[in-house]
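Let's take a walk through a protein structure together. Have the sequence and the 3D view ready, and follow along as we go.

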Amino acid sequence: MSSRRSRQSSSGARISDDQIVQLISKLQQLLPGTRIQRSNKASASKVLQETCTYVRSLHREVDDLSDRLSQLLSTIDADSPEASIIRSLIM
Amino acid sequence: MHTSSKLTKEFTKKWVKGLQICCSSKKDMDVLERKKKIKLCADIALASAKNATTSWSIALISEAKKNDENEILVDNLLGPESRFKQQKIIRQMNSCHKRVRSKKILKKSCSISQRMKKMGPPKSNLAAYIAKRLVKKRTQVLQRLVPGGESMDEFSLIKEALDYILSLRVQVDVMRNLANATEVLNQSNSSNVFD
């Protein structure tokens, strides 16, 4: 384990810098708000920071949507025909 | 991106299946409990739709399995054909723990030498030094956000984060569509009542 760690920190030769730069640029393309041309050499730390923000916002959206769905499903009228569609689908 | 439409279909199928399992067992759940179940189903469905091809999905499922209540749900969603993948998950769980523990021991023993290094950054490389530290800090934050990220090296972490973001997007889209559809149905239903 220790040898692997020292190998990683010392050389990084297994994974070229180029590959990391490529990955980071791919990540940058995924982030919202960067459709408009950004400078190619956006710093890695900035991209990472925006990635973290984006992941957090996606988590929050999932949470809000589950909340919304839960409330909608609980207020669904038991007898209506439309509700039966949803019910058969989910419940 | 035909892969995302495939993922959408898989996720939707599994999520609906999971919801049927969860919500049929108890008719009267309070809103909070139902919300937790919906979210749990969504997460497990997303991870299992990946079919154990990525680290984060394996980590997510192994995390869910730790809770005994979820065992049935997870087993049902994973499906019988992926039983060997369940073995993979269990093995990954165990290896993860060992890796995290040994990493922690290493970190502690290296902290003193690291502190000495941090004392005197070479002036000529100050900008690079700061940039490096920032990247390290942000990487740590990302590790906490991506499931299973604790035991990944930088390279795999970024790859996993890429895939995780794409999958999260699919999850959000499907959930949003269902919520909108339910809302529309609810509204049309209530307007019918007043006709």
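Here we go through the chains, then the core, and then a pair of rings inside it.

Before anything else, keep in mind that this is a predicted model. For the whole thing, the scores are ipTM 0.76 and pTM 0.75. Chain B has a mean pLDDT of 77, with 73% of its residues at 70 or more. Confidence isn't even along chain B, though: helix α5 (residues 83–119) of chain B has the lowest mean, 63, while helix α6 (residues 126–145) of chain B has the highest, 88.

Now for the chains themselves. Chain A has four helices and zero strands, so to speak an α-α-α-α run from the N terminus on. Out of its 91 residues, 32% count as buried. Chain A has an accessible surface of about 5800 Å², and carbon and sulfur atoms hold 49% of that.

Chain B is built from seven helices, again with zero strands. It has 195 residues, and 39% of them are buried. About 11600 Å² of chain B is exposed, with 57% coming from carbon and sulfur atoms. If you look at the contacts in chain B with a separation of 6 or more, 61% of them link residues 24 or more positions apart.

What sits inside? The largest nonpolar core has 54 residues, and among those with the most contacts inside it are Phe11(B), Trp15(B), Ile38(B) and Met175(B). Both chains chip in: α2 (17–30) and α3 (44–74) of chain A each supply at least two residues, and so do several helices of chain B, including α1 (2–25) and α2 (31–49). The helix that gives the most is α7(B), with 14 residues.

Let's zoom in on Met175(B). Leaving aside residues up to four places away in sequence, Met175(B) touches Val62(A), Leu65(A), Ser66(A) and Leu69(A), and on the chain B side Trp15(B), Ile38(B) and Ala42(B).

Trp15(B) brings us to the aromatic rings. How many aromatic pairs does the structure hold over all chains? There are two. In one of them, the rings of Phe11(B) and Trp15(B) have centres 5.7 Å apart and planes at 10°, so this pair is stacked. The cut-off to know here is that planes under 30 degrees apart count as stacked. Phe11(B) and Trp15(B) are four residues apart in helix α1 of chain B, which means about one helical turn separates them. Are these two residues buried or exposed? Both Phe11(B) and Trp15(B) are buried.

Terms used: Residues numbered from 1 in each chain as written. Chains lettered and ligands numbered in written order. Predicted model: local features only at pLDDT ≥ 70, side-chain atom pairs only at ≥ 80, totals over all residues. Heavy atoms only, no water. pLDDT = per-residue confidence, 0-100. Core = buried A, V, L, I, M, F, W, Y, C linked by side-chain atoms within 4.5 Å. Buried < 20%, exposed > 50% of the residue type's maximum accessible area, 1.4 Å probe, protein only. Contact = heavy atoms within 4.5 Å. Phe/Tyr/Trp six-rings, centres within 6.5 Å; stacked < 30°, edge-to-face > 60°. Areas by Shrake-Rupley, 256 points an atom, 1.4 Å probe, with all protein chains shown as cover.
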